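Visitor: I should like to go through this structure by way of questions. Could you show it, please?

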Amino acid sequence: VGLMEDRATLRISSQLLANWVHHGLVTESQLRSTFAEMAKVVDQQNARDNAYRPMCANLDNNIAFQAALRLVFDGRMAPNGYTEFTLHDARRKAKSLFSSRL
């Protein structure tokens, strides 16, 4: 994938979007729709990666997709906008889920 964000950039992006929602510049529905569209793009970008787990098959239960939403919708409550709590929680859930399938 040619476009990846580091945690610092992710922190800025998620806080920006959290504030846009808070101030009414965009709605939660608009963001969810846009995130769903972008999930399709990410899935397409990673289609040749055998280790990649597509998001679009079930967005409501996809850990990575839900973590992305949480970064924005819970962003105003995150201490100093830190992303680590959400990312580490999602990683633990994914490891638990996928290690039980081995």
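Visitor: Is D74 buried, partly exposed or exposed?
Guide: This is a predicted model, and the values are computed from it. The relative accessibility of D74 is 34%. Buried requires under 20% and exposed requires over 50%, so D74 counts as partly exposed.

Visitor: With which residue does the side chain of D74 meet in a salt bridge?
Guide: Side chains of opposite charge can pair when their charged atoms come close. For D74, the N to O distance in the salt bridge is 3.8 Å, and the cut-off for such a pair is 4 Å. The partner, with a relative accessible area of 29%, is itself partly exposed. That partner is R70.

Visitor: Which helices does the salt bridge of D89 with R70 tie together?
Guide: The closest N and O atoms of D89 and R70 are 2.9 Å apart. The two residues are 19 residues apart in sequence, so the pair ties together separate parts of the chain. D89 lies in one helix and R70 in another, namely α4 and α3.

Visitor: Which residues do salt bridges with shared partners join into one network?
Guide: R70 takes part in a salt bridge with D74 and in one with D89. Through shared partners, the salt bridges form one network, whose members are R70, D74, D89 and K93.

Visitor: How far apart in helix α2 are R32 and E28, which form a salt bridge?
Guide: Their closest N and O atoms are 2.9 Å apart. R32 is partly exposed at 36% relative accessible area, and E28 is partly exposed at 39%. Because the two are four residues apart in α2, their separation is about one helical turn.

Visitor: What span should the 18 residues of α2 have at 1.5 Å a residue?
Guide: The expected span is 1.5 Å times one less than the number of residues. The end C-alpha atoms of α2 are 25 Å apart, which agrees with the expected value of 26 Å.

Visitor: Where on α2 do its buried residues lie?
Guide: L31, F35, A39 and D43 are buried in α2. Seen down the axis, these buried residues fall within an arc of 110 degrees, so they line one face of the helix. They pack against α1 and α3, and the exposed residues S29 and Q44 are carried on the face turned away from them. The buried residues thus lie on one face of α2.

Visitor: Which residues does A39 contact, leaving aside neighbours within four places in sequence?
Guide: A39 is in helix α2 and counts as buried, at 2% relative accessibility. With those neighbours left aside, its contacts are M55, C56, L59 and F65.

Visitor: Against which helices do the buried residues of α1 pack?
Guide: In α1, L10, S14, L17 and A18 are buried. They cover an arc of only 105 degrees around the axis, which puts them on the same side of α1. The helices that they pack against are α2, α3 and α4.

Visitor: Which residues form a nonpolar patch on the surface?
Guide: One member is found in the loop between α1 and α2, and at 58% relative accessibility this residue, L25, counts as exposed. Together the patch residues have about 300 Å² of accessible area, and they are L16, W20 and L25.

How values were computed:
Residues are numbered from 1 along each chain as its sequence is written. This is a predicted model: local features need pLDDT of at least 70, side-chain atom pairs count only at pLDDT 80 or more; totals for chains, interfaces and linings use all residues. Side-chain values use heavy atoms; hydrogens and water are left out. Buried means under 20% relative accessible area, exposed over 50%, partly exposed in between (1.4 Å probe, protein chains only). The arc is that of the directions from the helix axis to the C-beta atoms. Contact means heavy atoms within 4.5 Å. Patches are made of residues with over 30% relative accessible area and no salt bridge: like charges are joined within 9 Å, nonpolar side chains (Val, Leu, Ile, Met, Phe, Trp, Tyr) within 5 Å. Accessible areas come from the Shrake-Rupley method with a 1.4 Å probe; for residues, only the protein chains shown count as cover.
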